Amino acid sequence: KLCGTNYPTSICFIVVNEFCERFSYYGMKAVLTFYFISYLRWDADLSTAIYHAFSSLCYFTPILGAIIADSWLGKFKTIIYLSLIYVMGHVIKSVGAIPTVGNKDAHISLSMVGLVLIAFGTGGIKPCVSAFGGDQFDEDNLRERQKFFSIFYMSINAGSLLSTVITPILRSDVQCFGGDCYALAFGVPAALMVVALVVFIAGSGLYKRNPPQGNVMLRVCKCIGFAIKNRWQRSKHDPDRKHWLDWAEEKYSKRLIQEIKMVLRVLVLFIPLPMFWALFDQQGSRWTIQAARMNMAFGDAFSIKPDHMQQMLNAMLILIFVPIFDLIIYPLVGLCGVKVTPLRKMAAGMVLAALAFGAATLVEVNVVKTVVDPAPAEHCHLQVFNLAPGDVSVAIRGSDLFAHPIPSLQDPPEYQVVGLKASSRKLQIEATFQGRTSACEPLVQERKAYSLLLVPEGEDLRCKLVEDFLKKNETGVPLLRFFNALPEAVNLTVGDVVFSAGAGEMSPNQTVERQRYSSVSCSRASKPCPPLDLDVLEFGASYTVILTEQEDGSIVPYKMEDVKANNVHIAFQIPQYALMTAGEVMFSITGLEFSYSQAPANMKSVLQAGWLLTVAFGNVIVLIVAEGAGLEQQWVEFLLFACMLLGVCIVFSIMAHFYTYVDPDQVGQLSEDDDEDAKKTPADLVLKETST
């Protein structure tokens, strides 16, 4: 026993193991979406689909883990063996994030193999670890066992909260292989999973181990199968058998049959529940992508990562909301004369989740205002930047665009849409400066965006056409490039990123950190190059900085904002997270309590498996919508999910209205003397583990 308590010493090893394992899982998952987008170069839809396919697999595999533990290896050995698979998955996933290991196909293959192994590992041990912790207590230590589950739940949230703070920082603030260090962001969770396994094995001499006692899910399936087969073979009506399960009485006890009836009544209520999880789990995919297109700065000194909002805010709000709901909200509602039942709580949780997606829709509508839509077919975008020391008149043959003179060294306010009447075309452009007209015929292609730079060359103007990239950087950081209008090559260092541009050339686009750059180092061959002031480079913006030389030899940078900076602050996501977390408290925790209270003691593991399957099918719904709906606007998809959940909530409320709450202990009065197979199996004490 631990000093001064009735807690077994072995639970220390189990709690530490769970903390490290949850750190490992959520730390890896926190950066997974951006890994797909920025490292594997997948688009947002494919990244979302793979993210939810992985999440779904993590909640299908607990059934496999429960069967292995109950029927074959026992909980202890199952945790050991599946944790080894878990570690292998993390290691393979980390190796796949090393750029020097193979090509892109190798990275994708290693990543997918790693994710499959992680899904089997985390899902397989999910129904075993908490139940194994409950096994350490004697039957007369119920109070201590309840406190253990509270401590266990806190370790889950602590691991989740800490990992979702640390791994995004490791991803972006630590640079390796010339970019974000995903290998380290995945490697640290892998190391924590190794620690989890070592800690668990270290306590092996202290554990109380219950031998496998047969899988109750297997017995339930056999009983249902026998009833269906027996009813099908005997077409004659039997008035004594009012329920189709009664046809299993020849082989199975009335007690087991009655227990299965109770379980099936609850499982029918589970049918609408995946829709809630379809919305809930998008916090780690669609909402994270939304955050990347928002302003994440809190002044010049502090900013957060888009993947910080995912689990960090949810975990903190859970710790705040659970006591508020239990101690304040539920009692107040009861004082108002409203009966607070579990199913009513769950329906209210669905409504709150739908409202959360309504709030996400409003945020998304404002977020996309800074996004420039691609030009339609047979059209292109064009803006003109004038480097001449005076106004220039620009005319495009066959178009009335640019009717007003282009001011000198001013950022164009917006792109103009130029009709091409073909997939590509040479534009016939005339630029007039101080009475002299220069002509050029740059080749442009449909659906693309261009900047036309008018560079003075003696008394004439030279046209320099460069292609722009109007799509926002999906990791949220700014993009930067330099156009060198100097007569010689120049090198610049912005933070840790080096830019090189020859005379009259454009440097490639590169990502830089959002911050104020007041002293950018500059070097060229012929003369000194003093530091340059670029001011603040904001989140989501794409900049072109044009370097020009003054008569005194100094270099002046002119900054063009090709893609507008994110102007909606990430704090506007807080209401949607607050609504979603409140919905989770009412739906998820209450749902688990309801399923436990309505299930016989030895059927709780069956309902736990059913509960986890609702999470799995919820991710399948997101997978179908993300890949199959073909919605071009993200806010439309958010609104669709909100409406779908409200519709499902109505169906669930009708089903709940006709549900009659029962006392599980009533089945104990049924006779089971004639069926050896119906011996009572000790209940597996399992703890709900949602995506928190």
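Here are four short exercises on a predicted model of a protein, each with a worked solution.

**Exercise 1. Get your bearings: into which domains is the protein divided, and how many helices and strands does it have?**

Solution.
- Start with the domains. Domain 1 covers 1-214, domain 2 is made of 253-370 + 566-685, and domain 3 covers 379-563.
- Next, count the secondary structure: you should get 16 helices and 22 strands.
- Then look at the overall extent. The C-alpha atoms fill a box of roughly 110 × 55 × 50 Å along the principal axes.
- Finally, check burial: 54% of the 692 residues count as buried.

**Exercise 2. Describe the interface of domain 1 and domain 2: how much area do they bury between them, and which element gives the largest share of residues on the domain 1 side?**

Solution.
- Take the area to begin with. The two domains bury about 3,300 Å² between them, and 65% of that is on carbon and sulfur atoms.
- Now ask who supplies it. On the domain 1 side, Phe 34, His 52 and Tyr 59 provide 18% of the area buried against domain 2, more than any other three residues.
- Go on to the polar side of things: six residue pairs are in polar contact across this interface.
- Sort the domain 1 side by element. Those giving two or more residues are helix 1 (10-30), helix 2 (32-39), helix 3 (44-60), helix 4 (62-96), helix 5 (104-135) and helix 6 (142-173).
- Helix 6 comes out on top, with 14 residues.
- Last, sort by residue type: 22 are nonpolar, 12 polar and eight charged.

**Exercise 3. Compare two salt bridges: where do Asp 45 and Arg 286 lie, and where do Glu 18 and Arg 22 lie?**

Solution.
- A bit of background helps: side chains of opposite charge can pair when their charged atoms come close.
- Find Asp 45 and Arg 286. Their closest N and O atoms are 2.8 Å apart.
- Place them on the chain: Asp 45 sits in helix 3 and Arg 286 in helix 11 (residues 286-292), so to speak distant parts of the chain, 241 residues apart.
- Check the surroundings. Asp 45 is partly exposed because its relative accessible area is 32%, whereas Arg 286, at 3%, counts as buried.
- Across the interface of domain 1 and domain 2, one salt bridge is found.
- Now turn to Glu 18 and Arg 22, whose closest N and O atoms are 4.0 Å apart.
- Both lie in helix 1, four residues apart, or about one turn of the helix.
- An α-helix has 3.6 residues a turn, so residues three or four places apart point the same way.
- Glu 18 is buried, at 2% relative accessible area, and Arg 22 is buried too, at 0%.

**Exercise 4. Is Thr 361 buried or exposed, and which residues is it in contact with, leaving aside neighbours within four places in sequence?**

Solution.
- Locate Thr 361: you'll find it in helix 13 (residues 342-367).
- Read off its relative accessible area, which is 7%. Buried means under 20%, so Thr 361 is buried.
- List the contacts beyond the sequence neighbours: Trp 635, Phe 638 and Leu 639.
- Look closely at Leu 639. The side chain of Thr 361 reaches the backbone nitrogen of Leu 639 at 3.4 Å.

How values were computed:
Residues are numbered from 1 along each chain as its sequence is written. This is a predicted model: local features need pLDDT of at least 70, side-chain atom pairs count only at pLDDT 80 or more; totals for chains, interfaces and linings use all residues. Side-chain values use heavy atoms; hydrogens and water are left out. Domain bounds come from an automatic or database domain assignment. Buried area is the accessible area (1.4 Å probe) that two parts lose on being put together, summed over both. A salt bridge is a side-chain nitrogen of Lys or Arg within 4 Å of a carboxyl oxygen of Asp or Glu. A polar contact is a pair of N or O atoms within 3.5 Å; within protein, one must be able to donate a hydrogen and the other to accept it, and residues adjacent in sequence count only if both atoms are side-chain atoms. Ala, Val, Leu, Ile, Met, Phe, Trp, Tyr, Cys and Pro count as nonpolar, Asp, Glu, Lys and Arg as charged, and the others, Gly among them, as polar. Buried means under 20% relative accessible area, exposed over 50%, partly exposed in between (1.4 Å probe, protein chains only). Contact means heavy atoms within 4.5 Å.
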